[in-house]
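Visitor: I should like to look closely at a single residue and its surroundings, and then to see how that part fits into the whole. Could you explain each term as it arises?

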Amino acid sequence: GDASPANKKRKVDSHSSIGNNKSLAIGVAHSPNLPAEHLGRIQQVNLVAATVREAMHRAGITNPDHVHFVQIKCPLLTAARVQAATDSGKTVATTDTLKSMKLSRGASALGVGIALGELSLEQIERDHDRIGRDWSLFSGRASTSGGVELLNHEIVVMGMSDDWNSPLAIGHAVMEDSIDVDPIRNVLVDLGVYGRQDGGKEKGDDTNTSGRDRHRHGHYQYQLTPEQRAKVVCVLTKAEASTTGGTRGSRHTMLDDSDISSTRHARAFVAGAIAGLIGHTELFVSGGAEHQGPDGGGPVAIIVDRTSNDTP
């Protein structure tokens, strides 16, 4: 549908059980073309941050905390673009076109972090070399992919807003590593996927516990049932092999396979972990997660249909 400001406010048949004025909101914005000499540098970070804020405005999202996922298609360098910049007396961050894709994804993710208040501009400005190198800097809600087919950034912001009215809702989690599914389970609790039968208090329990606390007390330690699974509309994830070569003290071989790239290994690995929790394989898992979640982990967004939240 049209995500322009004039069409943000729309009415969709919704169930009275939703009980929440906010619904899934989507905003789209395109940045101006990015000069080749700005790719992978602070100028790209700033450009993306400004465009994310524009997309938030179009979605009717005023609080950055209500943004749960930012999907970006970003440009990369080609031999022709590098040559054109060089001929005009400019320098580029790299002449390696493949490395430029990684730098572009990373700078774009940092731009998301700046726009959403996860990072400060000063953290990057004081040392531009941190882009594509310092994995302690990341956004927990960015998903970026590079493409040769464009010169600008195509940005889609997904979050929750009072300006939208539908049974759909979105939440997000950050996996600390490739098998960290507990945060995803907690989001499913918060979004009501487990239902009142599972999420309610036990008899004699007068403690007001959060979904996270209930999980820690032993609830939700199972794969979603078919009824619960039907509430999950979409799962969006980023995956990347840990640069340390290990996961929780054990060695992984994703970086050492000479036949298959680590990004393919990581996507399959993370997809399997999440599928084991959700109970189906209809997942979007994207590789190349520079500055998108912690090293070896990644952001996850889940969209659910709250229409039937009264059912177990």
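Guide: A residue is called buried when its relative accessible area is under 20%, exposed when it is over 50%, and partly exposed in between, with a 1.4 Å probe and protein chains only. Arg248, at 56% relative accessibility, therefore counts as exposed. This is a predicted model, in which local features need pLDDT of at least 70 and side-chain atom pairs count only at pLDDT 80 or more, while totals for chains, interfaces and linings use all residues. Residues are numbered from 1 along each chain as its sequence is written, and side-chain values use heavy atoms, leaving out hydrogens and water.

Arg248 belongs to the loop between strand E7 (246-247) and strand E8 (250-251). Helices (H or I, at least four residues) and strands (E, at least two) are DSSP runs, numbered from the N terminus. Most residues other than glycine have a negative phi. Arg248, however, has a positive phi near 55° and is not a glycine. His291 also has a positive phi, of about 65°, without being a glycine. His291 sits in the loop between strand E9 (284-286) and strand E10 (298-305), but with a relative accessible area of 1% it is buried. A glycine, Gly192, takes a positive phi of about 80° just after helix H5.

From these loops we may turn to the whole chain, which has nine helices and ten strands. Of its 312 residues, 50% count as buried. Contact means heavy atoms within 4.5 Å. Among contacts between residues at least 6 apart in sequence, 82% join residues at least 24 apart.

Helix H5 (residues 182-190) meets helix H9 (residues 262-278): their axes come within 10 Å and cross at roughly 35°. Axes are lines fitted to C-alpha atoms, for helices over the stretch in contact, and angles run from 0 to 180 degrees between N-to-C directions. In this contact, Ile184, Arg185 and Leu188 of H5 meet Ile274, Leu277 and Ile278 of H9. By class, these residues comprise five nonpolar, no polar and one charged; Ala, Val, Leu, Ile, Met, Phe, Trp, Tyr, Cys and Pro count as nonpolar, Asp, Glu, Lys and Arg as charged, and the others, Gly among them, as polar. Seven of the nine residues of H5 are buried, so this helix is largely enclosed by the rest of the structure. Those buried in H5 are Pro183, Ile184, Arg185, Asn186, Val187, Leu188 and Val189.

A second pair is formed by helix H1 (residues 42-59) and helix H3 (residues 97-115), whose axes are 7 Å apart and make an angle of about 50°. Angles under 35 degrees count as roughly parallel, over 145 as roughly antiparallel, 65 to 115 as roughly perpendicular and the rest as oblique. H1 and H3 are therefore oblique to each other. Their contact includes Val45, Val48 and Val52 of H1 and Leu103, Ala107 and Leu110 of H3. By class, the contact of H1 with H3 has ten nonpolar, four polar and one charged residues.

Finally, Val82 lies in helix H2 (residues 79-87) and is buried at a relative accessible area of 10%. Apart from neighbours within four places in sequence, Val82 is in contact with Leu77, Val92, Thr94 and Thr95. Its C-alpha atom is separated by 6.5 Å from that of Thr95, 13 residues apart along the chain.
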